[in-house]
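Here is the note on the structure you asked me to look over. The points are numbered so that each can be checked against the model on its own.

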Amino acid sequence: MLKLHMRSNKYGKLPEGVLIKVPSVLIKRSKLHFHRLPCNATVILGNNGYVWVGPHFSPDQPIEPFTVNSRETIARLSNVIRALAAYGVQLFDTIILTAYDISMKYKVKELLKRRGSGTCCAGKL
């Protein structure tokens, strides 16, 4: 069992999502580590190297079940983050969103496959 502690209780319990471990040196230090992306997903970048990817949520509203589109978005984002981390790219919201946009021309399962010298989306940045 893994627990994610926050400094404040205002965020409540996180809904279902994907937890990714990357080297902590790849997380860019910033005042804001909660990012609501325009692709209807939330990314939380922890200074300890843990990255949580999940659907948009609000602590005061009930958690809604995943849709097929939200599952694909979360899977795509998590694969993009893994690909960027594999190449030592520092992670922050802008680079994740740029890589996500580049990845749209590939299927989700193709993102982590090696092609020549690089991963599909990480090799393009």
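**Notes on the predicted model**

1. A start can be made with one pair of residues: K21 stands opposite Y50 in β4. The pairing behind it is that of β1 with β4, which is antiparallel and runs over four bridges. Please keep in mind throughout that this is a predicted model.

2. For orientation, the protein chain has two helices and six strands. Their order along the sequence is β-β-β-β-α-α-β-β. The protein chain has 125 residues, and 39% of them count as buried. About 8,000 Å² of the protein chain is exposed, with 52% of that area supplied by carbon and sulfur atoms. If one takes the contacts between residues at least 6 apart in sequence, 59% join residues at least 24 apart.

3. In which order do the four strands of the open sheet lie? The order is β1-β4-β3-β2, with antiparallel pairing. β1 (18-21) and β2 (34-37) are the edge strands, each pairing on one side only. From one strand to the next, the twist averages 20°. As a general point, strands of a sheet pair through backbone hydrogen bonds, either parallel or antiparallel.

4. Strands β2 and β3 pair in the antiparallel sense over four bridges, and H35 has V43 as its bridge partner in β3. The two strands form a hairpin with three residues between them. In that turn, N40 has a positive phi of about 65°.

5. A second hairpin is made by β3 and β4, here with four residues between the strands. G49 in this turn has a positive phi of about 100°. Strand β3 (residues 41-45) and strand β4 (residues 50-55) run antiparallel and are joined by five bridges. Two of the facing pairs can be located directly: T42 has G54 as its bridge partner in β4, and A41 stands opposite P55 in β4.

6. Is β2 covered or uncovered at H35 and L37? H35 and L37 make up the covered face of β2, while F34 and R36 make up the uncovered one. The general background is that in a regular strand the side chains alternate between the two faces of the sheet.

7. Why can β4 be called largely enclosed by the rest of the structure? Five of its six residues are buried, so the description follows from the count. V53 can serve as a local example of the surroundings. Apart from neighbours within four places in sequence, V53 is in contact with G17, V18, I20, T42, V43, I74, L77 and I81.

8. The largest nonpolar core holds 24 residues. Those that touch the most other members are V22, V43, V51, V53, L77, I81 and I96. Two or more residues of this core come from each of β3, β4, α1 (68-86) and α2. The largest share is that of α1, with six residues. In soluble globular proteins, nonpolar side chains tend to be buried together.

9. T73 is found in helix α1. Its relative accessible area is 13%, and because buried means under 20%, T73 is counted as buried. A polar atom of the T73 side chain lies 2.9 Å from the backbone oxygen of N69. With neighbours within four places in sequence left aside, T73 is in contact with C39, A41 and Y100.

10. Helix α2 (residues 93-103) includes S103. At 0% relative accessibility, S103 counts as buried. The side chain of S103 has a polar atom 2.7 Å from the backbone oxygen of Y100.

11. T67 lies in the loop between β4 and α1. Is this residue buried or partly exposed? With a relative accessible area of 47%, T67 is partly exposed. T67 and P55 are twelve residues apart in sequence, and their C-alpha atoms are 9.8 Å apart in space.

Terms used:
Residues are numbered from 1 along each chain as its sequence is written. This is a predicted model: local features need pLDDT of at least 70, side-chain atom pairs count only at pLDDT 80 or more; totals for chains, interfaces and linings use all residues. Side-chain values use heavy atoms; hydrogens and water are left out. Buried means under 20% relative accessible area, exposed over 50%, partly exposed in between (1.4 Å probe, protein chains only). Contact means heavy atoms within 4.5 Å. Accessible areas come from the Shrake-Rupley method with a 1.4 Å probe; for residues, only the protein chains shown count as cover. Two strands pair if DSSP finds at least two bridges between them. Axes are lines fitted to C-alpha atoms, for helices over the stretch in contact, and angles run from 0 to 180 degrees between N-to-C directions. A polar contact is a pair of N or O atoms within 3.5 Å; within protein, one must be able to donate a hydrogen and the other to accept it, and residues adjacent in sequence count only if both atoms are side-chain atoms. A nonpolar core is a set of buried Ala, Val, Leu, Ile, Met, Phe, Trp, Tyr and Cys residues joined through side-chain atoms within 4.5 Å.
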